[in-house]
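Welcome! Take a moment to turn the structure around on your screen, and then let us walk through some of its details together.

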Amino acid sequence: MSKARPAADVVLGLDVGGTKLAAGVVSRGGEVSAFTTVPTEAADGPAKVIDRLCALAGDVLAAAGLEPGDLAGAGIGCCGPLDARTGIVHDPPNLPGWGDVPLAELVAADLGTRTWVENDATAATVGEWRHGAGQGVRDMVYLTISTGVGGGVISDGRVLRGGSGNGGELGHTLLVADGRLCGCGARGCLEAYVSGTAIAARARERIEDGASSTLAALTDIGAADVARAARSGDPLASAVWRETTDLLGGALAGYVNLFEPRLVVLGGGVSRSGEQLLTPVRDRARALAMRPAACGVDVRPARLGEKAGVVGAAAVAFDRAAEAV
Ligand SMILES: [Zn+2]
């Protein structure tokens, strides 16, 4: 099979999440080929998950007609915490039993190509900035709202990483003092209110407290069900949705005041409700943030969908490869 592109103009993008692994060959322009996902099966522990990741990487390279030597390197977006400088992952809550794992080193040894690791939400932020909704913008905030809430910040044309690559955890900024318990162990984080999991839980709790709703007929309520019922005028679902957009808009106003972004990009499963989410969130963020930052900010949907992590990890790998020359 002939090679798709000249050597070193492609990298391998990998995405390691608690539920799925994704891989693709990515060009410098952000085009993805041979994109594939498999279940992480995180309960198997780090050795088997990393074997699965490397096997997936091998399959993707073979599908693209490439050898590891054809790559400028590989980038891995992985759930944190981790150290982006050393490539060591530090016991992520979504990957049980990992402890401290030198992920970059292990994958590099298996694939035979230079490999870099980045926080997955930061990688997705870079993906949307370079090749998605944020192209051409120098100041941008990204939030991915699904099972949890991940975030990232581009400030003055640079990725905000913090000391070791764990900065920009916007989902874990305090929203409500002594509020709902968050997956990170703290109380009152944004994630504990507006993640898909939290939206569904808040609706379920009101039903258990005796409120009537069309949702009560469902055995398993998801955030998409709440959105759908709110569109149909269900009072309970409408109240939960309004509370969600109020809280998210309020949090975004804080990020607008902190970073003065021109653009806030919302991705993840919950953002698929489109303008039902975006319009009230945009209005509230603009109403609550300080001027003139509030007037200059737009809120738009992400464009890369499930490929954001792979595209972003690849963009990070191109950057690191250039720095390493
Ligand atoms: Zn939290």
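## Salt bridges, a metal site and more

In this predicted model, Glu 118 and Arg 161 meet through their side chains in a salt bridge, with 2.6 Å from N to O. Glu 118 belongs to strand E8 (residues 115-119) while Arg 161 sits in the loop between E11 and H4, so the pair ties together parts that are 43 residues apart in sequence. Are these partners buried or exposed? Glu 118 is buried, at a relative accessible area of 0%, and Arg 161 is partly exposed, at 25%.

A search of the whole structure turns up 17 salt bridges. Here are three of them, with the N to O distance for each.

| Acidic residue | Basic residue | Closest N and O atoms |
|---|---|---|
| Glu 118 | Arg 161 | 2.6 Å |
| Asp 44 | Arg 52 | 2.6 Å |
| Glu 260 | Arg 262 | 3.9 Å |

Asp 44 counts as partly exposed at 37% relative accessibility, and Arg 52 is also partly exposed, at 21%. Some charged residues join in a network: Glu 275, Arg 282, Arg 286, Asp 298 and Arg 300 are linked by salt bridges.

Now look for the zinc ion. Which protein atoms are its donors? They are His 172 (ND1), Cys 182 (SG), Cys 184 (SG) and Cys 189 (SG), at 2.0 to 2.4 Å from the ion. Along the chain, these donors follow the spacing H-x9-C-x1-C-x4-C. His 172 and Cys 189 both lie in the loop between strand E11 (158-159) and helix H4 (191-194), so this pair ties together parts that are 17 residues apart in sequence. Why is the arrangement called tetrahedral? Because the 4 donor atoms subtend angles of 103 to 122° around the zinc ion. His 172 is partly exposed, with a relative accessible area of 27%, whereas Cys 189 is buried, with 3%.

Next comes helix H7, which covers residues 235-259. Its 25 residues should span 36 Å at 1.5 Å a residue, and the end C-alpha atoms are indeed 36 Å apart. At the start of H7, a side-chain oxygen of Asp 234 comes within 3.2 Å of the backbone nitrogen of Leu 236. Just after the helix, Glu 260 takes a positive phi of about 45°; Glu 260 is partly exposed, at 38%.

Finally, find the open sheet of 3 strands, ordered E5-E6-E7 with antiparallel pairing. Strands E5 (82-83) and E7 (100-101) are at the edges with a single partner strand each, so one side of each has no neighbour in the sheet. Strand E6 (residues 88-90) is joined to E7 by 2 bridges, and His 90 has Asp 100 in E7 as its bridge partner.

Technical notes: Residues numbered from 1 in each chain as written. Predicted model: local features only at pLDDT ≥ 70, side-chain atom pairs only at ≥ 80, totals over all residues. Heavy atoms only, no water. Donors = N, O, S within 2.8 Å, 3.2 Å for Na, K, Ca; no water. Tetrahedral: all angles 85-135°; square planar, octahedral: opposite > 155°, others 65-115°. Helix = DSSP H or I, 4+ residues; strand = E, 2+ residues; numbered from the N terminus. Buried < 20%, exposed > 50% of the residue type's maximum accessible area, 1.4 Å probe, protein only. Expected span 1.5 Å × (residues − 1). Polar contact = N/O pair within 3.5 Å; in protein donor to acceptor, adjacent residues only side chain to side chain. Pairing = 2+ DSSP bridges. Salt bridge = Lys/Arg side-chain N within 4 Å of Asp/Glu carboxyl O.
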